[in-house]
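Trainee: I should like to request a close look at a single part of this model, namely chain A. Please describe how its parts meet each other and how it meets a neighbouring chain.

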Protein chains: 4
Amino acid sequence: MTQNPVRFGLIGTGRIGQVHAASIAAAPEAELAWVADPFIDGARGVAERFGGTVTANPEELIASGQIDAVLIASPTPTHVDLIEASIRAGLPVLCEKPIDLDIARVDALRPLVAERGVPVALGFNRRFDPNHAAAQARVAAGEIGALEQLIIISRDPAAPPAAYIGVSGGIFRDMTIHDFDMARFFAPDIVSVSATGTRAFDPGAREHGDFDTAVTTLTTASGGVITIVNSRHSAVGYDQRIEAFGTHGLLQVGNVQTNTVTLSTAAAVEARPAYPEFFLERYAEAYSAELREFVKLVRGEASTSPTFEDGRAALVLADAAQRSATEGVVVQVEL
Amino acid sequence: MTQNPVRFGLIGTGRIGQVHAASIAAAPEAELAWVADPFIDGARGVAERFGGTVTANPEELIASGQIDAVLIASPTPTHVDLIEASIRAGLPVLCEKPIDLDIARVDALRPLVAERGVPVALGFNRRFDPNHAAAQARVAAGEIGALEQLIIISRDPAAPPAAYIGVSGGIFRDMTIHDFDMARFFAPDIVSVSATGTRAFDPGAREHGDFDTAVTTLTTASGGVITIVNSRHSAVGYDQRIEAFGTHGLLQVGNVQTNTVTLSTAAAVEARPAYPEFFLERYAEAYSAELREFVKLVRGEASTSPTFEDGRAALVLADAAQRSATEGVVVQVEL
Amino acid sequence: MTQNPVRFGLIGTGRIGQVHAASIAAAPEAELAWVADPFIDGARGVAERFGGTVTANPEELIASGQIDAVLIASPTPTHVDLIEASIRAGLPVLCEKPIDLDIARVDALRPLVAERGVPVALGFNRRFDPNHAAAQARVAAGEIGALEQLIIISRDPAAPPAAYIGVSGGIFRDMTIHDFDMARFFAPDIVSVSATGTRAFDPGAREHGDFDTAVTTLTTASGGVITIVNSRHSAVGYDQRIEAFGTHGLLQVGNVQTNTVTLSTAAAVEARPAYPEFFLERYAEAYSAELREFVKLVRGEASTSPTFEDGRAALVLADAAQRSATEGVVVQVEL
Amino acid sequence: MTQNPVRFGLIGTGRIGQVHAASIAAAPEAELAWVADPFIDGARGVAERFGGTVTANPEELIASGQIDAVLIASPTPTHVDLIEASIRAGLPVLCEKPIDLDIARVDALRPLVAERGVPVALGFNRRFDPNHAAAQARVAAGEIGALEQLIIISRDPAAPPAAYIGVSGGIFRDMTIHDFDMARFFAPDIVSVSATGTRAFDPGAREHGDFDTAVTTLTTASGGVITIVNSRHSAVGYDQRIEAFGTHGLLQVGNVQTNTVTLSTAAAVEARPAYPEFFLERYAEAYSAELREFVKLVRGEASTSPTFEDGRAALVLADAAQRSATEGVVVQVEL
């Protein structure tokens, strides 16, 4: 007996909402049932391509009785309220990261999430990248022995507009938060955070007191050290690499190459740098895999979806990094 | 003013026919209008997924008056007759390779093709692979100076069933024919063919007097030498590489990698070999690009589609290679 | 007119002393004139192979009147006194790193070095590695624009004996000191140090309160961030890599490979990891180049030899890192 | 009990003679006892640096009674007579390749070599290259299963002077002969030869009726196919690669890299091409290893030195290739 597809209510139809709409439409085990966006034309555009009933009001979507799960892709400040409304309605949630920029609001929601037991998954899509996932699985399987050092290099192609920087919550909460989750994916037992940020090139970062360049060092209870290297720009393209170093070896995840042509001359051996543009291209497969894992969670099957607690832990690390970078001290954390 | 989509009649709904149906359906400038296959369930299955009117009879499709172009993906022995019927009906054709296994039949059709002037394109999809195409363009642009040596390595994952070998026309006409076209893509002025074939491993090849391993050397009018290395199997996966060596440098096209994880231990630096399975995966993009170029040809725009003459030239080279390998002589050719 | 070879007095004939003896013997512009070691058999062994008068007493060597320069390769605690004696005798010095483990002793010597003006060079051999040197020159030439991030990965093959750890001065002063100098080679304007150390695997480090794993973050006056990743062991072999990231690009220095054979099977693409054993093999060329640059310094020619001040700066950074790792604070430095 | 060093008589002190003199001087188990060259200043220069009694007359060297083995590095036309004189004097010989350009002279000498049983080794130095040797050993050990295809790419940096071409015996006897030996190193059971040569760029080749570009196809009794790709020039540098393809996998020997720096920018990922200059640099280690194996042969120990028969077989293949390329036929050989 085949199961009915999980009927999704999608809230938010910006760039990332459209990615999720396409993933839902492409997955046989999911269907797009409702689409909500106060910017009603956005909702209509998505519904035309991928199906679904349209509303400007997310509450109507949650109350429709025609959905099995909610996918929240609306602006960050709306996340907490929409998660709360969804779980009060008994609807499992897949929410884009971060839960909120304010840990106090996250902590206020925490007891309800725990009490209700309705699944809340966080959109840490990188965990589902086939290469990152394979590397994590191999480290977890002991292929390099005990994990001693982890280096995460994560550089965006170009800095966002200054206006975005102003509402982003800062580089650690906005950008590094993905890397904090990746760090916890490989090593969950993080106990301290030390971060350094500088303003090397971006006027937007300078204007808003943010950093454009950051290095964060985390330690684990078992003596491991994690290094996260961030930059808001990269002339070479979206730079997403991981090195896991352990007792028995070194596991490296390189950038994805989209070009296989090499030219050798007397002057140089040269390849065209053809990394995927940015996260939508680089992590396209990951978004689909993320959705499929969430469907399993909704159905009560074994699932690797990161949870509300994962979302909270990443924010705790981001806050600690922000404080460390500002005050010049190592910050102890309990996750 | 936008143009109407080109309405395709697809003949043949086997594995490769289905690939073309999907490409047509995905291209905004094309639509699947008719589908013909004597195995009517195959036609129905394709029409259900991608649209189109169904018939068991290709002649009905050609005579329908509802199509702008014919895509021939039926068995090789039917190609010549279907091309003839299509161009007599004034319909441009995109025909899968080879035109035929018998050069006499190809030559008999040749005057009609020339006389009618209706576009006949051949399905040499590898020309449209982004990496091969980029390499050829760069060689043509003089980046390595004059082309002196070209090495084409082309190995299939596993030998086909013995029954297929029996009707394949032999390794040169069935498999190397793609590499002959690739050779002409880089160096059109080929003047001689020398080939060596052996039976190293495949019982099917032995049973049918075919080769499973072959090396072919071609020379060009300008003193260039082309080497084609073929095997019917490859434990490592589908092996598709090109090296173009010229006065000023070396241009290499490597295999596509689908894995970016590397493990280094005291014993080895090791990557999982993740070449794409076989031609459908390896050349997925190429099939789409091939279709788009053919649409341009149909519309009378500039197009890089290989033609009937290209299909004939590849077969002439295959025949020459077959003779060379059998008789132990170098065979001169005029293309 | 050719110049006479520079006559060297070598003090210390342990492992590194023997390397220098061989470099001196191999360089046409140098000769080994005197060899001193309280362990007189060591001195004799070196003199037999490479020439020179033997003494157990370094002072006799300095006072011999038969040498033009002193190469100090004796134990660290003897360095300061031997430098002082040499420059008081007007003899240029090439001294192995570090000058001393105690910055107070280094600072006490500093005025004399400045006053006398006799060249004192430090044995930071990695600056002379052809790959590191080429990378630094290209960064300095602006090939990547402004330097924003530098990652130095430096891992030894295996931890030294516990007894050595006890007298080493700790990982920052003993091992990272090379990387501090490398950091200054690329970016001299360092202003802060933040370090993290753990004890992940080495009983010797645990016994002596030292770290076996360390990550150090340095910032520069111009907003650059430098990350140094250290481990006292590496199953993969001696791991010595650098990545310089700037406005316009990324410059990477990989490990030296001594094997060019790769095996691809259905299971893996695999190369034998053949990094050079350890520093003597990896930096063999660098030791020779270091000596040649020092000879230029002795002769008053333009030279890139790192100086006493470079030795002192590296120790200041090491002390700051030690304090940062112990107290959990960022330490400001003035070099 | 240690053995006395093998006392060598070196005949010929040109470029390659000097390489051998240095190898002999550097090997503890060998010493340079006599040096002969009609160009007496050459002999004197070598003896000054590496020792030995000097003579203009090779016969005096052979008759001296003070040597244990002869190393022949004189011009090719003198090889046969010097081998004969040496073995008549009971002295083992290491002779540079080729034995002679005329197979008739080689065959005339053959019975004497067989009859006397004095070791005659041939200077096929590439067998001793650590990478080639490792690859061959791994193929022989069955790591890729049965060897089905072997590709040898061998391109010199630049064409020799036209005058040299005129006396070289042609590209197959002069240059490809190394590759013929390499082919036999991997696959001794060669049964046919088919070769193609063109004149693509070199006026010297045109002047003397030689080829500057060649591709040779060899087949083995067991169904294997070997492809040798040669060019007299290569803008990229000395290009020496091997690919062995077998039932279970692919073994590749790449060019040696002497540079580990890579620059990535928005335009390209680029490395400086730093292959070793030419054979003296590329095969430096191989010359030493070759000498050590020959010393074992002299001492009656197990040795991998290629023999007179190996030298003859390579010449037979070269003659067959020359005939094939000239007459356009496949040539059967019995080795």
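Mentor: What follows treats the domains of chain A, then selected local features, and then its interface with chain C. The model is predicted, and every value below should be read in that light.

Chain A is divided into domain 1, residues 6-118, and domain 2, residues 126-332. The centres of these two domains, taken over C-alpha atoms, lie 25 Å apart. To their contact domain 1 of chain A gives 31 residues and domain 2 of chain A gives 25 residues. A related span appears in the UniProt record, an unreviewed entry, which lists residues 6-124 of chain A as "domain: Gfo/Idh/MocA-like oxidoreductase N-terminal". Over residues 6-124 the chain is 44% helix and 22% strand, and 21 Å separate the C-alpha atoms at the two ends of that span.

The boundary between the two domains can be described in terms of area, pairings and composition. Domain 1 and domain 2 of chain A bury about 2,300 Å² between them, with 74% of that area on carbon and sulfur atoms. Across this interface the rule finds two salt bridges. A salt bridge of chain A joins E309(A) to R110(A), whose closest N and O atoms are 2.8 Å apart. Side chains of opposite charge can pair when their charged atoms come close. Between the two domains of chain A there are also three residue pairs in polar contact, both residues being at pLDDT 80 or more. On the side of domain 1 that touches domain 2, at least two residues each are supplied by β1 (6-11), α1 (15-26), β4 (69-72), β5 (93-95) and α5 (103-116) of chain A. The residues of that side divide into 20 nonpolar, two polar and nine charged.

Two local features of chain A deserve attention. The first topic is another salt bridge, which R7(A) forms with D68(A), the closest N and O atoms being 2.8 Å apart. This pair links distant parts of the chain: R7(A) is in strand β1 of chain A, whereas D68(A) is in the loop between α3 (58-62) and β4, and their positions lie 61 residues apart in numbering. Over all chains, the count by this rule comes to 88 salt bridges. The second topic is a peptide bond: the one from K97(A) to P98(A) is cis, with omega near -10°. P98(A) is placed in the loop between β5 and α5 of chain A. In chain D, the peptide bond from K97(D) to P98(D) is likewise cis, with omega near -15°, and P98(D) lies in the loop between β5 (93-95) and α5 (103-116) of chain D.

Beyond its own domains, chain A meets chain C. In this contact 38 residues of chain C face 38 residues of chain A. The two chains bury about 2,900 Å² between them, 60% of it on carbon and sulfur atoms. Across the interface of chain C and chain A the rule finds two salt bridges. The side chains of R241(C) and E243(A) meet in a salt bridge, at 2.7 Å from N to O. The interface of chain C and chain A also holds 13 residue pairs in polar contact, both residues being at pLDDT 80 or more. The elements of chain C that give two or more residues to the side touching chain A are β7 (147-155), β8 (190-198), β9 (213-220), β10 (225-231), β11 (239-246) and β12 (249-253). The residues of that side of chain C divide into 14 nonpolar, 19 polar and five charged.

How values were computed
Residues are numbered from 1 along each chain as its sequence is written. Chains are lettered from A and ligands numbered from 1 in the order in which they are written. This is a predicted model: local features need pLDDT of at least 70, side-chain atom pairs count only at pLDDT 80 or more; totals for chains, interfaces and linings use all residues. Side-chain values use heavy atoms; hydrogens and water are left out. Contact means heavy atoms within 4.5 Å. Buried area is the accessible area (1.4 Å probe) that two parts lose on being put together, summed over both. A salt bridge is a side-chain nitrogen of Lys or Arg within 4 Å of a carboxyl oxygen of Asp or Glu. A polar contact is a pair of N or O atoms within 3.5 Å; within protein, one must be able to donate a hydrogen and the other to accept it, and residues adjacent in sequence count only if both atoms are side-chain atoms. Helices (H or I, at least four residues) and strands (E, at least two) are DSSP runs, numbered from the N terminus. Ala, Val, Leu, Ile, Met, Phe, Trp, Tyr, Cys and Pro count as nonpolar, Asp, Glu, Lys and Arg as charged, and the others, Gly among them, as polar. UniProt positions are given in the numbering used here, feature names are shortened, and annotations may be inferred rather than shown by experiment. Domain bounds come from an automatic or database domain assignment.
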